[in-house]
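Open the model in your viewer and keep a selection box handy. We will go from stop to stop, choosing residues and seeing what is there.

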Amino acid sequence: MNVAANFIATAQRLPDKPFLVAPNGASHTYSQIFSRARRFATVLASRGAGPGDRIILTFPNSVDYLCAYLGALFLDCTVLIVDHRSRPAHLEYVQGNCQVSLWVAPGERAEYGHIPGFVMFPPDLERIPEMPMNRLCDGKNPLALIMYTSGATGVPKGVCLSHDNLQHTIRSITRWARIDESDRELTTLSLTHLFGLAHTHIYWTLGGTLFIEEGLKDIPRLLEKISRERITSFPGTPGGFKIILDQFADLFAKHARGLKYIIVNSAPMAQEYIERVLELLPGTRFYMYYGLTEASRSCFICYNDHRDKLKTVGRPTPGAEVCVGLPSSPLVNEVGEILIRGPHLTSVYWGMDSTLHFTDGWFRTGDLGTVDSDGFLTWEGRLKEQINIDGLKLTPMEVETVLMDHERVMDCAVVGAPDEMTGEAVVAFVVPSGEPDKRLEIDLRKHCKSRLEMYKIPKRIVFIEEIPRTDTGKTKRMALKDRLLP
């Protein structure tokens, strides 16, 4: 069933309940959003859009964006979401790769002006008639979304996600996170990524209220808003919570104590920060989940219940299967590639041969991990990021974890660089506390030597001001490798 049909059912059941609260505080009920989305469906239909057509949306977090998203789903279109900060070349790539005729944005942008098929979200939407109810969500198109991977390790791939995939994820998260219609979520997550978008699906299905913000800006204001608006859910990335805990821990403890739950995703979280959240908010359930765009929410853990497993990302979510190594002979306590199977899993990448990414129905994630004897998964890094030192292999995370334990390391990232003698060498990029010098470099090597095998010790340490990351917290290792080029 079309996930937008979930919204229709909720709008009919709870028409006057607030669904979206904009950053400026303007509140919009389910019936108001329903009306606006139906009007935008009329706009798309007038441009020839219908079931199965692919529509690009490129918006910041906003009420208009979610109205456009619902409107496209009402027509049984397939939605392609492009981050509004993307370069024109990326939008052109997505448009060409998926043969898209229409793309929608909140306003004209000069740098996008040459791209055909532009539709501006109407500022006078109220004058447009609503799409008739009998034309909404007729179920003719099973493909809900095509989400493009970041392309950090190659060409961006269009991940095809069906309505059935999304419905399973809704049921799964609702079950293990114990979400209900009384919940009120404040999200600073980008709703152009599946982490934030999946929460939107859940809230409109259950009848919750979503407070949206555009990024983690003015943190004291956001924390005060959590207490003032009786927020029960505050999802985020490890990087975001690190900033909050490093700079605003007292305010966080004061204003966030009423949170029912927190969910973290997108990158590993250091154990010390997990412990700090548990200490500051003892009455809040604190979850981490592991997944990919291709297989969202494959494992989860509630840290409150498993304090001896804080380095793991938990066990499989309801309906998901996860193994390390070969399904016929899975590895236990050994590093191998993580494989996933289940109803949340994509079946194909758009327009390309996807067979190499699957083994007997299991998706090959390209991630490395270990599963312990209790079935808890620990993420160890990316297979393609493994560094090969004369036949001896390591993951960047092994070295990064040790470096981050040094008192003068604020942040770091490790990559492999070409080396004539050993094939590759370990290079560490470090954001230092205070002014770096040769003495600090020597001290960091000694620190690594006390904890790591010799071949894992960085051959070179580069001090930089900031580690480049995607907005979901993933390290841009290719950008770091480019800095090493002559």
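What follows is a short tour of a predicted model, with a selection to make at each stop.

**Stop 1: a sheet and its edges**

Start by colouring the strands of the open sheet that runs E6-E5-E3-E4-E7-E8, which has 6 strands and mixed pairing. To find its borders, select 118-120 for strand E6 and 158-162 for strand E8; these are the edge strands, each pairing on one side only. Looking across this sheet, you will find neighbouring strands turned by 25° against each other on average, direction ignored.

Next, add residues 143-148, which make up strand E7; this strand pairs with E8 in the antiparallel sense, over 5 bridges. For a place to zoom in, pick Leu143, which stands opposite Ser162 in E8. Now show helix H5 as well: this helix packs on the sheet, where E7 and E8 are the strands touched, and its direction makes about 70° with that of E8.

**Stop 2: another sheet**

Move on to the open sheet of 4 strands ordered E11-E12-E13-E14, again with mixed pairing. Its edge strands are E11, at 261-264, and E14, at 315-316, and each of them pairs on one side only. Select 295-302 to highlight strand E13, which pairs with E14 in the antiparallel sense over 2 bridges. Which residue of E14 is the bridge partner of Cys299? Label Pro316 and you have found the partner.

Then bring in helix H6. This helix lies across E11, E12 (285-292) and E13, and runs at about 80° to E13.

**Stop 3: the cavity**

How many cavities of 30 Å³ or more does a search of the whole structure find? The search finds 1, and about 70 Å³ of space lies in the largest cavity. To see its lining, select Leu161, Asn165, Leu166, Thr169, Ile170, Leu194, Ala198, His201, Thr293, Ser296 and His344. Two helices from the earlier stops return here: H5 (163-177) and H6 (194-206) are the elements that give two or more residues to this lining. H5 gives the most, with 4 residues. Colour the lining by class and you will get 5 nonpolar residues, 6 polar ones and no charged ones.

**Stop 4: an aromatic pair**

Finish with the rings. With centres within 6.5 Å as the cut-off, the count comes to 22 aromatic pairs. One of them is formed by Phe7 and Phe34, so select both and view the rings side on: the pair is edge-to-face, since planes over 60 degrees apart count that way. The centres are 6.1 Å apart, with 65° between the planes. Now show the helices around the rings. Phe7 lies in helix H1 (residues 3-13) and Phe34 in helix H2 (residues 30-46), so the pair ties together parts that are 27 residues apart in sequence.

Note on methods:
Residues are numbered from 1 along each chain as its sequence is written. This is a predicted model: local features need pLDDT of at least 70, side-chain atom pairs count only at pLDDT 80 or more; totals for chains, interfaces and linings use all residues. Side-chain values use heavy atoms; hydrogens and water are left out. On a 1 Å grid over the protein atoms alone, a cavity is a set of points where a 1.4 Å probe fits but cannot get out, and a pocket is an open set with protein on both sides within 12 Å along at least five of seven lines; lining residues have an atom within 4 Å of a point. Grid points are joined across faces, edges and corners, and a volume is the space filled by probe spheres set on the points. Ala, Val, Leu, Ile, Met, Phe, Trp, Tyr, Cys and Pro count as nonpolar, Asp, Glu, Lys and Arg as charged, and the others, Gly among them, as polar. Two strands pair if DSSP finds at least two bridges between them. Contact means heavy atoms within 4.5 Å. Axes are lines fitted to C-alpha atoms, for helices over the stretch in contact, and angles run from 0 to 180 degrees between N-to-C directions. Rings of Phe, Tyr and Trp (its six-membered ring) pair if their centres lie within 6.5 Å; planes under 30 degrees apart count as stacked, over 60 as edge-to-face and the rest as tilted.
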